[in-house]
Amino acid sequence: MLRTVLLTALLAIVFFLAEQYTVTFWLHPNWKILLIFFFSVSIVTHRLVEAGLQGDRERFVPLYLSATVARLILGLAFIGFFLYQRIDQRRVFVLNFLVLYIFYTGFEIWTLTRNLRRDS
């Protein structure tokens with residue numbers, strides 16, 4: 001979980017610096033909301049994976065898959081809500097969402113496989 005906090009802090013610093021010192025046509029003004037969303041979803045996913053690794057190891061795969069499906073459904077609901085609210089710069093918002101979705105998912109997979117190699 002500490003890695004997720006550090007990753008989010010690093011991304012927040014990068015986005016803040018990009019917003020302050022460069023022309024950010026590729027960065028949506030609501031990037032903070034996106035980071036908060038992905039941070040909270042990552043924390044929930046991390047808790048589910050930890051619960052799967054604690055007791056019965058056979059529960060790990062269903063818990064991880066359900067966490068992945070929950071991430072997808074929550075992401076679709078999140079995007080749908082903001083598009084329904086007619087947010088400005090929709091394309092940039094969706095692009096930022098997709099980039100962060102892929103980034104956080106890749107980070108989780110990397111962290112998970114790193115932990116699984118150590119445990120096996």
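**Exercise 1. The nonpolar cores**

Task: In this predicted model, determine which residues of the largest nonpolar core touch the most other members, and which elements give two or more residues to this core.

Solution:
1. The largest nonpolar core has 21 residues. Those that touch the most other members are Leu35, Phe38, Phe78, Phe93, Phe97, Leu100 and Tyr104.
2. Two or more residues of this core come from each of helix H1 (2-21), H2, H3 and H4.
3. A second core is separate and consists of five residues, among them Val49, Leu53, Phe60 and Tyr64.

**Exercise 2. The surroundings of Phe38**

Task: Establish whether Phe38 is buried or exposed, and which residues beyond its neighbours within four places in sequence are in contact with Phe38.

Solution:
1. The relative accessibility of Phe38 is 1%. The cut-off for buried is under 20%, so Phe38 counts as buried.
2. With neighbours within four places in sequence set aside, the contacts of Phe38 are Arg71, Phe97, Leu100, Tyr101 and Tyr104.

**Exercise 3. Aromatic pairs**

Task: Classify the ring pair Phe37 and Phe78 and the ring pair Phe38 and Tyr101, and state which helices each pair ties together.

Solution:
1. The search of the whole structure yields 14 aromatic pairs.
2. For Phe37 and Phe78, the ring centres are 4.2 Å apart and the planes differ by 15°. Planes under 30 degrees apart count as stacked, so this pair is stacked.
3. Phe37 belongs to helix H2 (residues 31-54) and Phe78 to helix H3, so their pair joins parts 41 residues apart in sequence.
4. Phe37 is buried at 12% relative accessibility, and Phe78 is buried at 13%.
5. For Phe38 and Tyr101, the centres lie 6.3 Å apart with the planes at 65°, so the arrangement is edge-to-face.
6. Phe38 is in helix H2 and Tyr101 in helix H4 (residues 90-119); the pair therefore ties together parts that are 63 residues apart in sequence.
7. Tyr101 counts as buried, at 18% relative accessibility.
8. Ring pairs link Phe37, Phe38, Phe78, Phe81, Phe82, Phe93, Phe97, Tyr101 and Tyr104 into a cluster.

**Exercise 4. Helix H3**

Task: Compare the expected span of helix H3 with the distance between its end C-alpha atoms, and identify which residues of H3 are buried.

Solution:
1. Helix H3 (residues 60-84) contains 25 residues. The expected span is 1.5 Å times one less than the number of residues, which gives 36 Å.
2. The end C-alpha atoms of H3 are 36 Å apart, in agreement with that expectation.
3. The buried residues of H3 include Phe60, Leu63, Tyr64, Ala67, Arg71, Gly75, Phe78, Ile79 and Phe82.
4. An α-helix has 3.6 residues a turn, so residues three or four places apart point the same way.
5. Just after H3, Arg86 adopts a positive phi of about 55°.

Key
Residues are numbered from 1 along each chain as its sequence is written. This is a predicted model: local features need pLDDT of at least 70, side-chain atom pairs count only at pLDDT 80 or more; totals for chains, interfaces and linings use all residues. Side-chain values use heavy atoms; hydrogens and water are left out. Helices (H or I, at least four residues) and strands (E, at least two) are DSSP runs, numbered from the N terminus. Buried means under 20% relative accessible area, exposed over 50%, partly exposed in between (1.4 Å probe, protein chains only). Rings of Phe, Tyr and Trp (its six-membered ring) pair if their centres lie within 6.5 Å; planes under 30 degrees apart count as stacked, over 60 as edge-to-face and the rest as tilted. A nonpolar core is a set of buried Ala, Val, Leu, Ile, Met, Phe, Trp, Tyr and Cys residues joined through side-chain atoms within 4.5 Å. Contact means heavy atoms within 4.5 Å.
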